[in-house]
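Reader: I'd like to practise reading a fold with you, one feature at a time. Could we start with the strands and move on from there?

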Amino acid sequence: MSRRAAQGTSKRAGAPLRLPVTSADPVRYTPGFSWRDAELYCEKVSLSEMAERVGTPTYVYSAASITGTVRGLDRALGRLPHTLCYSVKANSNLSILRLLSGLGSGFDIVSGGELYRLQRAGVAVNQVVFSGVGKSREE
């Protein structure tokens, strides 16, 4: 996606459309995303090329950004006993779950379906906290 495509154009003779400050430019808030020669990249991958390869819509995540964030949180807690737990409800993408597991993350789940996703991702059951109200005996 080019910067021009991300910004859009107005109906007046192709004049650039000025988006509000709140517009979603991932470079502004997500490490791992950057503009190179007017093309948006995630790490070293052109999002235009990715869109051509896999189609749209698609979700794109930066493993480097996720890794850096988890490591930063872990460092911030230092020697305090802690386990960083990711809420599977937030995003159950198997690749993300595998990445987080490899970084030593724990997982917070509230349903059997979320446990199933973690099992499919190869997450050890001792990394899982099963919480929430109104659980049945089977759960």
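Author: Happily. This is a predicted model. Let's begin with a strand pair: E4 and strand E5 (residues 106–109) run parallel and are joined by three bridges. Within this pairing, serine 87 stands opposite aspartate 108 in E5.

Reader: In what order do the strands of the open sheet lie?

Author: The order is E4-E5-E6, three strands with parallel pairing. E4 and strand E6 (128–130) are the edge strands, each pairing on one side only. From one strand to the next, the twist averages 30 degrees.

Reader: How do E1 and strand E2 pair, parallel or antiparallel?

Author: Antiparallel: four bridges hold E1 and E2 (residues 39–42) in that sense. As an example, phenylalanine 33 has cysteine 42 in E2 as its bridge partner. Two residues lie between the strands of this hairpin, and there aspartate 37 adopts a positive phi near 50 degrees.

Reader: And what should I look for in the side chains along a strand?

Author: In a regular strand, side chains alternate between the two faces of the sheet. Strand E1 (residues 33–36) shows such alternation: Phe33 and Trp35 point to one face and are buried, whereas Ser34 and Arg36 point to the other and are not.

Reader: Let's turn to helices. At what angle do H5 and H6 pack?

Author: Their angle is about 70 degrees, and the axes are 9 Å apart. Because angles of 65 to 115 degrees count as roughly perpendicular, H5 is roughly perpendicular to H6. In the contact, Leu94, Leu97 and Arg98 of H5 meet Arg117, Leu118 and Arg120 of H6. Those residues divide into three nonpolar, no polar and three charged.

Reader: Which strands does H6 lie across?

Author: H6 lies across E5 and E6, and runs at about 155 degrees to E5.

Reader: How many salt bridges does the structure hold?

Author: One. The side chains of glutamate 114 and lysine 89 form this salt bridge, with 3.6 Å from N to O. The pair links distant parts of the chain, 25 residues apart: glutamate 114 is in helix H6 (residues 112–120), while lysine 89 is in the loop between strand E4 (85–87) and helix H5 (94–102).

Reader: Is each partner buried or exposed?

Author: Here the cut-offs help: under 20% relative accessible area is buried, and over 50% is exposed. Glutamate 114 has 9%, so glutamate 114 is buried. Lysine 89 has 58% relative accessibility and therefore counts as exposed.

Definitions and conventions
Residues are numbered from 1 along each chain as its sequence is written. This is a predicted model: local features need pLDDT of at least 70, side-chain atom pairs count only at pLDDT 80 or more; totals for chains, interfaces and linings use all residues. Side-chain values use heavy atoms; hydrogens and water are left out. A salt bridge is a side-chain nitrogen of Lys or Arg within 4 Å of a carboxyl oxygen of Asp or Glu. Buried means under 20% relative accessible area, exposed over 50%, partly exposed in between (1.4 Å probe, protein chains only). Two strands pair if DSSP finds at least two bridges between them. Axes are lines fitted to C-alpha atoms, for helices over the stretch in contact, and angles run from 0 to 180 degrees between N-to-C directions. Contact means heavy atoms within 4.5 Å. Angles under 35 degrees count as roughly parallel, over 145 as roughly antiparallel, 65 to 115 as roughly perpendicular and the rest as oblique. Ala, Val, Leu, Ile, Met, Phe, Trp, Tyr, Cys and Pro count as nonpolar, Asp, Glu, Lys and Arg as charged, and the others, Gly among them, as polar.
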